[in-house]
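Dear colleague,

I am handing over the structure we talked about, and I would be glad if you could look at it before reading my notes below.

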Amino acid sequence: MTAFLEKKGVLAVLLAAAGALMAFVSLRPFPGNGGSLLLAFLFFIGVVEGCIAAAAAGATVNARWVGSVRKELLSVTPLLLVASFLLLLLIPFVDSYPWAGRPGIWLRKDFFIGRNLAFLLLAYVTARRFAAAPADGGGTKVRAAWYLLVFVVSQSLTAFDLVMSLEYPWVSALLGGYFFIEALYGGFAVSALLYLLLHGRPPAGNAPGTRSDLSDLSILMFGFSLMWAGLFFAQFLTIWYGNIPEEVGFIARRVSASPLRELCVAVLFLLFFIPFPALLATRAKSNPYVVSAAALSILSGILVERYVFLAPVVRFSPGALAIDFACLLVLFVAVVYKARVFR
Amino acid sequence: MAEPMVFREKERFLESLRELVRDGVPRERIRVITPFGVPEVEEILPGKRSKVRFFALLGAASGTVTGFAFTILTSLSWPLIVGGKPIVSLPPFLIIAFALTILFGALSTFLGFLLLSRLPSPRGIRSEVEYGNAFVILVEDGERR
Amino acid sequence: MGNAERYAKADRDILAAMEKPGRAYLAGLAFTATLTVIGGILWIYQIRNGLGVAGYTHPVNWAIYITNFVFWVGIAHSGTLISAVLYLFRARYRTSFNRAAEAMTVFALMVAGLFPLIHLGRSWVFYYLLPYPNQRQLWVNFRSPLIWDVFAVGTYFTVSLVFFYVGMIPDFAIARRCKEGIRKRFYQVLSLGWKGTEREWRHYGMLYLFLAAFATPLVASVHSVVSWDFAMSVVPGWHTTIFAPYFVAGAIFSGTAMVITLVIPLRKAMNLHEYITDDHFESIAKIMLFTSLIVSYAYIVEFGLAWYGGNVFETGAFRYRALGDFRYLTWAMIFCNSLVPLSLFVKRLRRNTTCLLVVSLLVNVGMWLERFVIIVASLAHDYDPYVWGTYSPTYVEVGISLGSFGMFFTLYLLFVKNLPVLSITEIKEHL
């Protein structure tokens, strides 16, 4: 595979092929194809933007761990172009949003696609500029800050437009913030996995408790698990306590029947009750098995949660879902692998 | 007790400390007094990791349990529905349990610290011996301190 | 200069702040103490005559006192942030601010804690809030956000006090060595007989780490709970999911502003330029800028979603906020909290203490206004136009509010002369 990927243009061909396949699948008028694409889009846009945001956030605060995975994290930048393409493929699907066809200023199909596309492209441009800057150059922090700014807006728009407006007029002001924090959380999880894949276990001579890049990433995941729980709780408590019909409907639709109810509980476990206790001990923070288990738990938690968000209102088709995820996963692995080979 | 060795510079002090350990003076007989925490001392005289962390864990756990037990049992002892919320409303009770986790955890850590470092020490309060900014090594005679 | 001399100089320089006070200091203390006394007299007046002397009218039954409560709890936040969070992040510049910020936390909480009592009217029955059963064995209602407040703020005060004290133990040992007479006795007792043995330092390091780890989630939880006093209701403008993180960011924002406001004059008056450098101010200005951006994000999302959702009451509440009776305050708040801090993107301005002082003062004003606008404007115009009203404070409320500032600064001035204003031990560690 190495030799195959090293050839020039192979990556471009791969991108084009995957794009064509996904286009073919999602444009066939089967019910469920659009919904599957939306789920794949939501998960990957979170992870991809989150990876770059993790590198950018690390760069702005001079975090030492960034150095060991920076290049791989930033290698996913071209996938933002793929994401933009996927957004275009979603155009026919937008007609199934509850507000479609009604007059509106904010919720109009052209503006809806336009602003999301604009911020995805802007994210691509700023990420490219950040990736092109030398790791310790003077302007790097400024470029990282610009990317983070676009990242926050882009993720908030994803949350408010693509997810929240599916259940218009349901409103939660926190959803945007919740999405970008979750994306960053996922970004750190990917960083930890990449670190383990690239560097293996930390040197054995290290006494427990000494600093390593891996333990720093574990601390970040640990902290973000708490932060995620806080945001989740803040959102849940306000809706639960207020008990206003149009608000609680969102939760009620998800917890009143199996199997969504079990999946909701699973989300809580995958994003908090597993990573938090697992990473609590100092020793565990540099144990490769514990860290990778926690990171995988976080990533699958994000995936399940996106599914739970969409499930009551969107139809899926298993075949399309499988193809979309396979394509995106292959692309993700390919770009990261290529960056690693040419390190 | 032997004469204290007093150093004005950290480096000299660390050197002598290393020398003492190399010369085979048992670790238990060496006492060190520094004006601030010196991480290198830990490396030269490896001791057990501080047990303060167990106090933290115990305190925090007892706080969580107390928080939930307190709120649930008192609500059940006179079940009165207020504001349409269930008698045992776990989301609000979680807030109380969280606050108590932190409170008990922090206080028990502090008490653990006092206990383990034998503070407050009336002898220390009355003592007039001050080493100021110096780094001091005391080698005790064979007996336990 | 050798290290030993540098250590001795640090002792001298920082303890010099605790020498006999000058005339300016005494004048300042007299002024703040007078404000406090006036506030106290007005409170007594209010207790004798009832809450009628405050400007509360239907429907605005939460006003300045609650604004002050939220404001002071918010101010308290940066203390823990700087001490605990920056400690966990191993940020060096924390040493310059942590003591001042921790003291600020403790004093701000003391002031904040008074306001629910003042607001009660019948202040003497405050103990109804404490978790104990009444004569018929009915306990307090743990589902009420006001009880959460008691637990959250009580815990916060206790933990902050412990943190503040623990940080000072080794410094008390220095003070007991350098002072004479009765003050020596005082510091001897406070230092608990600290010697600085390796055992003490080992446990101390672990204790400090754990206190920081406990305090960090506490920072986020306390202001979340304060925000839930509002968000749990169904008042338009209050009931929003974003309130908790928005209030936390706002609290840290106002707290860093207050730290800057206090430390700039402190550095000048006590000649601590060597220990608190412009670099340190720049770092803390960055935190202020960062939190300002979060607060601005929350403003945009709040207004945007009120418009997006199309709910009549929600839209009405935000239109009233922007265009109604309190519009000047709203726009002043946006100017102070969102626009002025943008100037900190310029490096030169971040390093200029005059500019920082101006920005931080404006932020303090802006954050006070924010709480006022949220509380009063939302209550004044809720669901039923028949009960809409407005509110203006009386001299009693204004006087008590000024008294709270007086009390805070009095406590702070006393702190400056009696306790070490910087962590001497940590400074030596970094020399």
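What follows is a description of how the chains meet, taken one interface at a time.

Please keep in mind that this is a predicted model.

I begin with chain A and chain C, where 34 residues of chain A are in contact with 23 residues of chain C. Together these two chains bury about 2,300 Å², and 72% of that area lies on carbon and sulfur atoms. On the side of chain A, the residues that lose the most area to chain C are A:Ala173, A:Thr238 and A:Tyr241, which together account for 27% of what that side buries. No salt bridges are found across this interface (the count is 0), although 8 residue pairs are in polar contact. The largest share of the chain A side, 11 residues, comes from H9(A), and by class that side has 21 nonpolar, 8 polar and 5 charged residues.

The second interface joins chain C and chain B, and it takes 57 residues from chain C and 65 residues from chain B. Here about 5,400 Å² is buried between the two chains, with 68% of it on carbon and sulfur atoms. C:Arg143, C:Glu198 and C:Phe214 supply 15% of the area that chain C buries against chain B, more than any other three residues. There is 1 salt bridge between these chains, formed by C:Glu5 and B:Arg8, whose closest N and O atoms are 2.7 Å apart. The count of residue pairs in polar contact is 11, and H7(C) gives the largest share of the chain C side, 17 residues.

With best wishes

Methods: Residues numbered from 1 in each chain as written. Chains lettered and ligands numbered in written order. Predicted model: local features only at pLDDT ≥ 70, side-chain atom pairs only at ≥ 80, totals over all residues. Heavy atoms only, no water. Contact = heavy atoms within 4.5 Å. Buried area = accessible area lost by both parts, 1.4 Å probe. Salt bridge = Lys/Arg side-chain N within 4 Å of Asp/Glu carboxyl O. Polar contact = N/O pair within 3.5 Å; in protein donor to acceptor, adjacent residues only side chain to side chain. Helix = DSSP H or I, 4+ residues; strand = E, 2+ residues; numbered from the N terminus. Nonpolar A, V, L, I, M, F, W, Y, C, P; charged D, E, K, R; others polar.
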